Amino acid sequence: SWLEGPAQATRGDDDYPGRRLGLPQHGPGSSARFGRRLVALFIDWALCMLVSAGFFDGNSWATLGIFAIENAVLVAAAGCTAGQCVMGMRVLSLAGRPATVLQALGRAVLLSLALPALIWDRDQRGLHDRFMGTVLMRTR
């Protein structure tokens with residue numbers, strides 16, 4: 001990825017998402033992969049749409065706002081959104097500690113913009129995670 005700086009000669013067989021962060025290749029503690037992330041996103045968005053339909057007549061801006069609030073509050077308080085929890089994932093700082101309130105808020109704002117989440121690096125971290133110094137990893 002262009003985010004990694006100068007190109008490596010070749011990507012070896014021992015290279016995998018999360019290796020540069022010191023994460024294992026598979027299992028708990030490894031970098032969460034695209035499939036889990038996508039299912040978690042659908043779960044979170046569906047829940048936000050239900051709340052928006054109940055309180056705001058399904059307004060799309062209200063849904064986006066609820067999504068941002070859900071992300072900021074739940075990641076700061078519990079380390080994961082409802083969808084991430086169901087899919088066995090957790091947001092941590094690169095130091096291995098729970099994400100701070102500022103990291104959770106920054107991630108939520110950047111996720112709401114969508115584009116940062118669509119640009120990934122070799123460790124499968126979106127710009128929202130890179131900018132905030134966080135990683136979404138598997139818990140099971």
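User: Is Leu-38 buried, exposed or partly exposed in this predicted model?
Analyst: The relative accessibility of Leu-38 is 30%. Buried would need under 20%, and exposed over 50%. The value for Leu-38 falls in between, so the residue counts as partly exposed.

User: Which helix holds Leu-38, and which residues form a nonpolar patch on the surface with Leu-38?
Analyst: Leu-38 has its place in helix H1, which covers residues 34-56. The patch on the surface has about 380 Å² of accessible area together. Besides Leu-38, its members are Phe-34, Leu-41 and Phe-42.

User: Which residues of the largest nonpolar core does Met-89 contact, leaving aside neighbours within four places in sequence?
Analyst: The largest nonpolar core has 8 residues: Ala-32, Ala-40, Val-75, Met-89, Val-91, Ala-99, Ala-104 and Leu-136. Beyond four places in sequence, the contacts of Met-89 include Arg-36, Arg-37, Cys-80 and Gln-84, and these four are not in the list of core members. The contacts of Met-89 that are also core members are Ala-32, Ala-40 and Leu-136.

User: How many residues are in the other core, the one with Ile-66 and Phe-67?
Analyst: This core lies apart from the largest one. Leu-111 and Ala-117 are also among its residues. The number of residues is 5.

User: Is Gln-103 buried or exposed, and which backbone atoms does its side chain reach?
Analyst: Gln-103, in helix H4, has a relative accessible area of 13%. That is under 20%, so Gln-103 is buried. Its side chain has polar atoms 2.9 Å from two backbone atoms: the nitrogen of Thr-100 and the oxygen of Met-132.

Technical notes
Residues numbered from 1 in each chain as written. Predicted model: local features only at pLDDT ≥ 70, side-chain atom pairs only at ≥ 80, totals over all residues. Heavy atoms only, no water. Patch = residues over 30% accessible without salt bridge, like charges linked within 9 Å, V, L, I, M, F, W, Y side chains within 5 Å. Areas by Shrake-Rupley, 256 points an atom, 1.4 Å probe, with all protein chains shown as cover. Salt bridge = Lys/Arg side-chain N within 4 Å of Asp/Glu carboxyl O. Helix = DSSP H or I, 4+ residues; strand = E, 2+ residues; numbered from the N terminus. Buried < 20%, exposed > 50% of the residue type's maximum accessible area, 1.4 Å probe, protein only. Core = buried A, V, L, I, M, F, W, Y, C linked by side-chain atoms within 4.5 Å. Contact = heavy atoms within 4.5 Å. Polar contact = N/O pair within 3.5 Å; in protein donor to acceptor, adjacent residues only side chain to side chain.
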